[in-house]
Amino acid sequence: MSKIVFVGAGAMAEAIINGLTKEEKVSPAHIHVMNKSDVEQLEHLQISYNVQIVCAERKALMEADIVVLAMKPKDAIDAFGEIASYLNGDTTIISVIAGVSIQTIATHLGSRPIARVMPNTSAAVGLSASAVCWNELVSERSKLEIIHILEAIGSVKVVDEEDLHVVTALAGSGPAYLYYFAEQFEAAAARHGLSLGDARQLFIQTMEGAAQMLKKGDVEPSELRRKVTSPGGTTEAGVEQLVQHKVNEAIFACIDAAQSKSRVLGKQYE
Ligand SMILES: NC(=O)c1ccc[n+]([C@@H]2O[C@H](COP(=O)([O-])OP(=O)(O)OC[C@H]3O[C@@H](n4cnc5c(N)ncnc54)[C@H](OP(=O)(O)O)[C@@H]3O)[C@@H](O)[C@H]2O)c1
């Protein structure tokens, strides 16, 4: 069984560890954690998931099959400097650091199998829409193992590294757009007398139901929409307002802006 070391022990590392241990994908004895300075957080992970804390000698890093990089982008280069000399030649890197390219990681940690992942915050409830890309040094066996690990926090799509920008715009930032919709729909319903609590519950269930219908995959979204929309009915009146207010243009602009921001931020770490 692979030995995994998490460098960075915050929210994303905890979500992955939670998934891995809950589904018994990896024994906690094979999961090690380290961070910069927050000892309390390491102890919390140890107590909650029975994982191991990396000792000062960094023995676990030297013996790691997989190292998961889970620090903020601004801390990445310092962290690379602190771990580079401990890594053995065969260790595979899985990076969840937003914006830091495979090339940059290889420059600091050496030429080795490297996978880069864009998860989203729904990882905390095991429902991340993650995308992964890797370099040519990742073996077929390792690819399966990486996917297996990432499935602990949700679904996984394999993409080209170039596509991670638009993945970031769509799925990385996506939960925030849906929360924004939740805020606006709740407020709009409340204006007509519904309590915020009822509005929220109805909106959540509506999103879940629509997601399940889409997930079945046999009917296009446009066709599902047509089926709800009777001529001269309420849905038609509502959708007409979305069209008139050019919500489609707002959505195109939203994805354009987010993906181009991802490119700009990514350049900072090159
Ligand atoms: N959270 C998400 O949903 C999400 C989604 C997509 C991508 N990501 C990416 O995932 C990464 C982690 O995000 P997060 O939300 O988990 O961040 P977080 O909760 O702030 O955790 C960051 C961790 O990195 C550690 N760290 C900082 N410098 C370090 C160093 N030199 N050596 C070792 N560990 C170091 C911190 O340790 P201390 O606490 O001791 O300082 C902390 O444990 C980020 O790059 C982010 O872009 C996160």
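**View 1. Glu-24, an exposed residue in a loop of the predicted model.** Glu-24 counts as exposed because 8 C-beta neighbours lie inside 10 Å; a residue is called exposed if 12 or fewer other C-beta atoms lie within 10 Å of its own, buried if 20 or more do, and partly exposed in between, with C-beta atoms placed from the backbone. Glu-24 is placed in the loop between α1 and β2 (31-34). Helices (H or I, at least four residues) and strands (E, at least two) are DSSP runs, numbered from the N terminus. The phi angle of Glu-24 is near 50°, a positive value in a residue other than glycine. Residue numbers start from 1 along each chain as its sequence is written. Because the model is predicted, local features need pLDDT of at least 70 and side-chain atom pairs count only at pLDDT 80 or more, whereas totals for chains, interfaces and linings use all residues.

**View 2. Asn-50 in the loop between α2 (39-49) and β3 (52-53).** Asn-50 is not a glycine, yet its phi is positive, at about 70°. With 13 C-beta neighbours inside 10 Å, this residue counts as partly exposed.

**View 3. The surroundings of the ligand.** Of 29 residues around the ligand, those that come nearest are Gly-8, Gly-10, Asn-35, Met-71 and Ala-98; a residue is near a molecule if its C-beta atom, placed from the backbone, lies within 6 Å of it. Two or more residues of this shell are given by each of α1 (11-22) and α4 (73-83). The most come from α4, which gives five residues. By class, the shell holds 15 nonpolar, eight polar and six charged residues. Here Ala, Val, Leu, Ile, Met, Phe, Trp, Tyr, Cys and Pro count as nonpolar, Asp, Glu, Lys and Arg as charged, and the others, Gly among them, as polar.

**View 4. The largest nonpolar core, with 59 residues.** Such a core is a set of buried Ala, Val, Leu, Ile, Met, Phe, Trp, Tyr and Cys residues joined through C-beta atoms within 7 Å. Val-5, Phe-6, Val-7 and Val-68 touch the most other members. Helix α1 provides the largest share of this core, six residues. Beyond its neighbours within four places in sequence, Val-7 is in contact (C-beta atoms, placed from the backbone, within 7 Å) with residues including Met-34, Val-68, Met-71 and Ile-83. In soluble globular proteins, nonpolar side chains tend to be buried together.

**View 5. Arg-226 in helix α10 (residues 221-228).** Arg-226 is exposed, since 12 other C-beta atoms lie within 10 Å. Between Arg-226 and Leu-69 the C-alpha to C-alpha distance is 45 Å, and the two are 157 residues apart in sequence.

Key:
Two residues are in contact if their C-beta atoms, placed from the backbone, lie within 7 Å.
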